[in-house]
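Got the model open in your viewer? Please take me along for a walk through it, one selection at a time.

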Amino acid sequence: MAKVHPQAIIPSTSCYLTSNQETFTIWMKSLVLSGKGCTVFDANGQIVYRVDNYNCKCSNEVYLMDIKGKVLFTILRKRFKLFRFWEGYRSSDTETVIKKPCFQVRKSMRISRGDSPCEVIVGLDENQSHHYKIQTWNSKSVCKIVDQSGGLVAELKRKKSTYGVDLGSDVLTMVVEPNIDHSLIMGIFVVYCLINCRM
């Protein structure tokens, strides 16, 4: 007998979307000895994401993985004439869809002192794309990701101890707002680090 309400198929990205604000600790160290990359912990201290570039800094091809080593995003540096930009390709359970990038990040061409903001286009494979902006301050370890209207999407800060002491430039805190795919935000953060040669 057929079910009146068949069980809904939950998309694989659902575990990366929550209705609550999420806080992550980012340690700018790879789990691989002498490797480049980062390790990301959730609020419970569990590893949720990792990037291992092995011994290659500022690589042209980087993988954002979960704790089991499953590739979530393949991030590629592209070049068109004089312009360089990054594209992120979401991986499914079977393969990476290289033909359809999920997001693109490019540095703004404004000439100014300090860091220029990065433009982020999300949903390149859909009819309605979202535009984010990475806003940076004088310190390369602090940035915000905002949407088109200036609303906060995620914020990255240096992590402090409970007594307010900085834990070092290689330990960061990222707060992601509710109903935002935090795996996507981590992919954008990886590009931010690559642009600034931090990974």
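What follows is a tour in a few stops, each with something to select and something to look for. Keep in mind that this is a predicted model.

**Stop 1: three strands around E87**

Start by selecting residues 71-80, strand β5, together with residues 83-90, strand β6. The two pair in the antiparallel sense, over 8 bridges. Now add residues 103-107, which make up strand β7. β6 and β7 also run antiparallel, joined by 3 bridges.

Zoom in on E87 in β6: L76 stands opposite. On the β7 side, the bridge partner of E87 is Q104.

Next, show the side chains of E87 and K78. They meet in a salt bridge, at 4.0 Å from N to O. Is E87 buried or exposed? E87 is buried, with a relative accessible area of 10%. K78 is partly exposed, and its relative accessible area is 28%.

**Stop 2: along β7 to R106**

Stay in β7 and pick R106, which has its place in that strand. R106 counts as partly exposed because its relative accessibility is 35%, between the 20% and 50% cut-offs. Measure from its C-alpha to that of E87 and you should get 8.9 Å, for two residues 19 apart in sequence.

What does the side chain of R106 do with the side chain of Q104? The two are joined by a polar contact of 3.0 Å. So Q104 turns up twice on this tour, because Q104 is also the bridge partner of E87 in β7.

Now colour the other residues that R106 is in contact with, leaving aside neighbours within four places in sequence: R84, F85, C118, E119 and I121.

**Stop 3: strands β8, β9 and β10**

E119 leads on to the next group. Select residues 118-122 for strand β8 and residues 130-136 for strand β9. These two run antiparallel and are joined by 5 bridges. Find E119 and look across to β9, where K133 stands opposite.

Then bring in residues 143-146, strand β10. β9 and β10 pair in the antiparallel sense as well, over 4 bridges. One pair to pick out here is T136 with its bridge partner in β10, C143.

**Stop 4: the nonpolar core**

Time to look inside. How many residues does the largest nonpolar core have? The count is 41. Those with the most contacts inside this core are I26, I75, F103, I134, I185, I188 and F189, so select them as a set. The largest share of the core, 10 residues, comes from α1.

For a closer view, click on F189. Not counting residues up to four places away in sequence, F189 touches I26, M28, L156, L172 and M174.

**Stop 5: E177 and Q21**

Head for E177, in the loop between β12 (171-176) and α1 (182-195). E177 is buried yet has no salt bridge. Which side chain of opposite charge is nearest to E177? K144 is, and it lies 9.4 Å away. That rules out a salt bridge between them, because a salt bridge needs the nitrogen and oxygen within 4 Å.

What E177 does have is a polar contact of 3.0 Å with the side chain of Q21. Leaving out residues up to four places away in sequence, E177 touches Q21, L152 and V153.

Swing over to Q21, in the segment before β1 (22-27). Q21 is partly exposed, at a relative accessible area of 46%. Along the chain, Q21 and E177 are 156 residues apart, but their C-alpha atoms are separated by 4.7 Å. Besides E177, Q21 is in contact with V175, V176 and P178, with neighbours within four places in sequence left aside.

**Stop 6: two further salt bridges**

The count of salt bridges comes to 4. You have already met K78 with E87; here are two others.

Select R50 and D52. They form a salt bridge, with the closest N and O atoms 2.5 Å apart. R50 counts as buried at 16% relative accessibility, and D52 counts as buried at 5%.

Finish with K160 and D166, which form a salt bridge with the closest N and O atoms 3.0 Å apart. Are these two buried or partly exposed? K160 counts as partly exposed at 49% relative accessibility, and D166 counts as partly exposed at 37%.

Methods
Residues numbered from 1 in each chain as written. Predicted model: local features only at pLDDT ≥ 70, side-chain atom pairs only at ≥ 80, totals over all residues. Heavy atoms only, no water. Buried < 20%, exposed > 50% of the residue type's maximum accessible area, 1.4 Å probe, protein only. Lys, Arg positive; Asp, Glu negative; His and termini not counted. Polar contact = N/O pair within 3.5 Å; in protein donor to acceptor, adjacent residues only side chain to side chain. Contact = heavy atoms within 4.5 Å. Core = buried A, V, L, I, M, F, W, Y, C linked by side-chain atoms within 4.5 Å.
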